[in-house]
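User: Could you walk me through this model and explain the terms as we go?

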Amino acid sequence: MIAPIELTDRVAIVTGASSGIGLAVARRLVAGGATVAMVARGAERLRRVCQELGERAQPFVRDIGDVPAAIALPGDVARQLGRLDILVNNAGVHHRGDMLRHAPGDLAQMYMVNLVGPVVLTRAAVDVMSAGGVIVNVGSLAGKLGVPGSAVYSSTKAGLRIWALGAAEDLARRGIRIATVNPGPVDTGFLDDDFDNVSLLTFSQPMSTADQVAARVLAAIHSDQTGIELDVPYLSGKLATVNYLVPGLGRVMRPLLEKLGAKAKARYAARRGLGRS
Ligand SMILES: NC(=O)c1ccc[n+]([C@@H]2O[C@H](COP(=O)([O-])OP(=O)(O)OC[C@H]3O[C@@H](n4cnc5c(N)ncnc54)[C@H](OP(=O)(O)O)[C@@H]3O)[C@@H](O)[C@H]2O)c1
């Protein structure tokens, strides 16, 4: 067991920090007294949210799918902000629908941003972190089973979970913990920006807010355990596991789930002014 971390005067990297879950995590870290290296590609939005959060939120404009940039980031942060204690691997990309609709390069990008980036960033972060440091990945419940219409995305998130479970022992030798938080659907731009292509199965599950997911990321940061996984919501995580273990049951349940999902998707579209109709 490793002692849980205090936030005051600690330094965190949050990737994908300019919106959604990453921004909600950064808000909680800054409120707790940490300084946060806020990472995203879009400079304008990133600078705007850093200004809102105050001087303990510092922008680092980077593409996490760019391996040399990801490797250089922890050293840059430690030099500019004095140390590194926490890494939240949150940035992610999802090209939705039948994988044959997408160019091979777009499929590769999902692996680079969702899996390769977090692994190399973590490897580089460990070189500048002291014992007591913590890594939290934002995975997905889609990484607990092969989701139709999200085959490649599911496999990137499955890879992230399985890597973290295996890496926990390696990192523990340096006194560093790792955890993965697996959300179901969350009401962020991640769904809204490609709303028509979000599957009915996705909408069949209860929707979380970015702040509900952020609360679980903070719970993982404060835990004294390593190698843990937190599913959000908990029951959707159990359903995903049953579907993985008994794929026949998943096929039988699919028409019912899609019917529920269609209703939920229509309600969500009306609430947020989205969709074709
Ligand atoms: N929303 C959901 O339903 C849901 C469900 C399960 C899991 N997740 C996971 O949760 C994580 C966060 O998603 P979200 O819902 O908060 O999405 P979001 O609101 O769309 O935010 C995504 C953030 O990531 C940044 N980003 C994207 N690609 C990047 C890259 N290559 N390098 C650096 N930053 C990058 C974006 O800024 P720029 O575009 O400016 O770079 C933005 O700040 C993702 O890993 C996603 O897979 C989301």
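Analyst: Happy to; what follows covers the ligand shell, a strand, the core and a helix. This is a predicted model, where local features need pLDDT of at least 70, side-chain atom pairs count only at pLDDT 80 or more, and totals for chains, interfaces and linings use all residues. Residues are numbered from 1 along each chain as its sequence is written.

User: What makes a residue part of the shell around the ligand?

Analyst: Its C-beta atom, placed from the backbone, has to lie within 6 Å of the ligand. By that rule 32 residues surround the ligand, and Gly16, Gly20, Gly42, Gly92 and Phe190 are the closest.

User: Why is strand E5 called mostly covered?

Analyst: A residue is buried if 20 or more other C-beta atoms lie within 10 Å of its own, exposed if 12 or fewer, and partly exposed in between, with C-beta atoms placed from the backbone. In E5 (residues 134–138; strands are DSSP runs of E, at least two residues), five of five residues are buried, so the label fits. Val134, Val136 and Val138 point one way, while Ile135 and Asn137 point the other.

User: How do you know that E4 and E5 pair?

Analyst: Pairing needs at least two DSSP bridges between the strands. Four bridges join E4 (residues 86–89) to E5, so they pair, and they run parallel. Leu87 stands opposite Ile135.

User: What bends in helix H10, and where?

Analyst: Helix H10 (residues 247–272; helices are DSSP runs of H or I, at least four residues) bends by about 45° at Met253. That is the angle between axes fitted to the seven residues ending there and the seven starting there. Pro255 follows within four residues.
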